[in-house]
Amino acid sequence: AKTPVISVDTPAAELGVPSVSIDNKAGAHQLMTHILEHDHRDIIIFTGPAISYDSNERLAGCRAAAEDAGCKLPPSQIIVGEFTIESGRKLMTELLDRGGKLPDAIVALNDAMAIGALGVMKERGLTAPEDIAVTGFDDCDSAPVIGLTTVHAPLYQMGQEAAKLALASLTPEGPAANHIIVPTELVIRQSCGCQP
């Protein structure tokens with residue numbers, strides 16, 4: 001039908017579809033670097049599904065930051081989950097049920113999993129950051145309420161850029177760029193150990 005299609009969040013260049021995404025890798029690199037600057041080294045990462053573009057890009061950013069800091073990030077410290085509160089609860093429950101030394105920090109690759117993890121910690125009498133530092137990614141509406149350190153995903157700006165691409169796709173020239181990456185921003189709150 002020759003109707004322009006714009007992909008928001010996941011690049012689709014191989015399909016010839018203009019797309020807009022956030023800079024997942026840079027945002028995760030900045031977040032992981034911040035956690036490492038707290039001298040945390042025993043860090044557990046809760047990822048999203050293995051097929052998730054966002055999760056893979058964020059994990060790559062975490063790995064790069066760890067490598068830059070000379071910190072090892074073995075496979076045992078990377079736990080695959082889903083981008084849901086329930087998944088965060090499940091992963092945290094399993095982690096705590098193992099027993100042994102608590103990790104220094106949990107880097108959840110989205111806020112929903114971080115919220116789930118924090119809920120289980122509270123039920124077990126643990127607090128962030130006193131017992132375990134916890135961070136998320138996305139900066140959802142609940143993040144400032146619970147003092148969650150996270151990465152702000154500029155959804156409004158993504159929508160603007162997608163609309164511009166859609167309008168440009170209606171012109172004979174087409175869009176000037178096939179893929180737009182919108183920068184993210186680290187938002188530091190209390191859950192990582194920083195003061196408000």
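Start with helices H3 and H4: H3 passes H4 in a right-handed crossing. The model on your screen is a predicted one.

**Stop 1: H3 and H4**

Select residues 85-97 for helix H3. Then add residues 111-123 for helix H4. Two packed helices are described by the angle between their axes and the distance between the axes. Here the angle is about 45°, and the axes lie 6 Å apart. H3 and H4 are therefore oblique to each other.

Now show side chains. On the H3 side, pick Ile85, Ser87, Gly88, Arg89, Leu91, Met92, Thr93 and Leu96. On the H4 side, pick Ala112, Met113, Ile115, Gly116, Ala117, Gly119, Val120, Met121 and Glu123. Together these residues make the contact. Colour them by class, and you get 10 nonpolar, five polar and two charged residues.

**Stop 2: Leucine 118**

Stay on helix H4 and select leucine 118. Is leucine 118 buried or exposed? Leucine 118 has a relative accessible area of 19%, which is under the 20% cut-off, so it counts as buried.

Look for what surrounds it. Leaving aside neighbours within four places in sequence, leucine 118 is in contact with Ala128, Val134, Ile146 and Leu148. Draw a distance from leucine 118 to valine 134, C-alpha to C-alpha. The two atoms are separated by 7.6 Å, while the residues are 16 apart along the chain.

**Stop 3: A cis peptide bond**

One of the contacts of leucine 118 was Ala128. Select alanine 128 with proline 129. A cis peptide bond joins the two, with omega at about 10°. Proline 129 sits in the loop that runs from helix H4 to strand E6 (133-135).

**Stop 4: H1 and H2**

Next, select helix H1, residues 24-37, and helix H2, residues 53-68. The axes of H1 and H2 are 7 Å apart, and the packing angle is about 40°. That angle makes H1 oblique to H2. The crossing of H1 and H2 is right-handed.

Bring up the side chains again. From H1, show Asn24, Lys25, Ala28, His29, Met32, Thr33 and Leu36. Facing them from H2 are Tyr53, Asp54, Glu57, Arg58, Ala60, Gly61, Cys62, Ala64, Ala65, Ala66 and Asp68. Sorted by class, the contact of H1 with H2 has nine nonpolar, four polar and five charged residues.

**Stop 5: Arginine 58**

Pick out arginine 58 in helix H2. Where does arginine 58 stand on accessibility, buried or exposed? Its relative accessibility is 3%, so arginine 58 counts as buried. Show what arginine 58 touches, not counting residues up to four places away in sequence: Ile22, Asn24, Ala28, Phe83, Leu109, Asn110, Phe137 and Asp138. Two residues in this set, Asn24 and Ala28, you have already displayed on H1.

**Stop 6: Two aspartates with positive phi**

Follow the chain out of H1 to aspartate 39. Aspartate 39 is in the loop between H1 and strand E3 (43-47). Its phi is near 65°, a positive value in a residue other than glycine. Aspartate 39 is exposed, at 61% relative accessible area.

Then go to aspartate 9, in the loop between strand E1 (7-8) and strand E2 (19-22). Aspartate 9 also has a positive phi, about 100°, although it is not a glycine. At 24% relative accessibility, aspartate 9 counts as partly exposed.

**Stop 7: Proline 4**

Step back to proline 4, in the segment before E1. Proline 4 is partly exposed, with 35% relative accessibility. Now add leucine 167. In sequence, proline 4 and leucine 167 are 163 residues apart; in space, their C-alpha atoms are 8.9 Å apart. With neighbours within four places in sequence left aside, proline 4 is in contact with Ser169 and Leu170.

**Stop 8: The cysteines**

Finish with cysteine sulfurs. How many disulfides does the structure hold? Zero. A disulfide is a covalent bond between the sulfur atoms of two cysteines.

Select cysteine 140, which is partly exposed at 27% relative accessible area. The closest cysteine sulfur to its own is in cysteine 192, 16 Å away, too far for a bond. Then select cysteine 194. Its nearest cysteine sulfur, also that of cysteine 192, is 3.6 Å away, and cysteine 194 is in no disulfide. The cut-off for a disulfide is a pair of sulfur atoms within 2.5 Å.

Notes
Residues numbered from 1 in each chain as written. Predicted model: local features only at pLDDT ≥ 70, side-chain atom pairs only at ≥ 80, totals over all residues. Heavy atoms only, no water. Buried < 20%, exposed > 50% of the residue type's maximum accessible area, 1.4 Å probe, protein only. Axes fitted to C-alpha atoms, helices over the stretch in contact; angles between N-to-C directions. Helix = DSSP H or I, 4+ residues; strand = E, 2+ residues; numbered from the N terminus. Parallel < 35°, antiparallel > 145°, perpendicular 65-115°, else oblique. Left-handed = near helix turned anticlockwise from the far one by under 90°. Contact = heavy atoms within 4.5 Å. Nonpolar A, V, L, I, M, F, W, Y, C, P; charged D, E, K, R; others polar.
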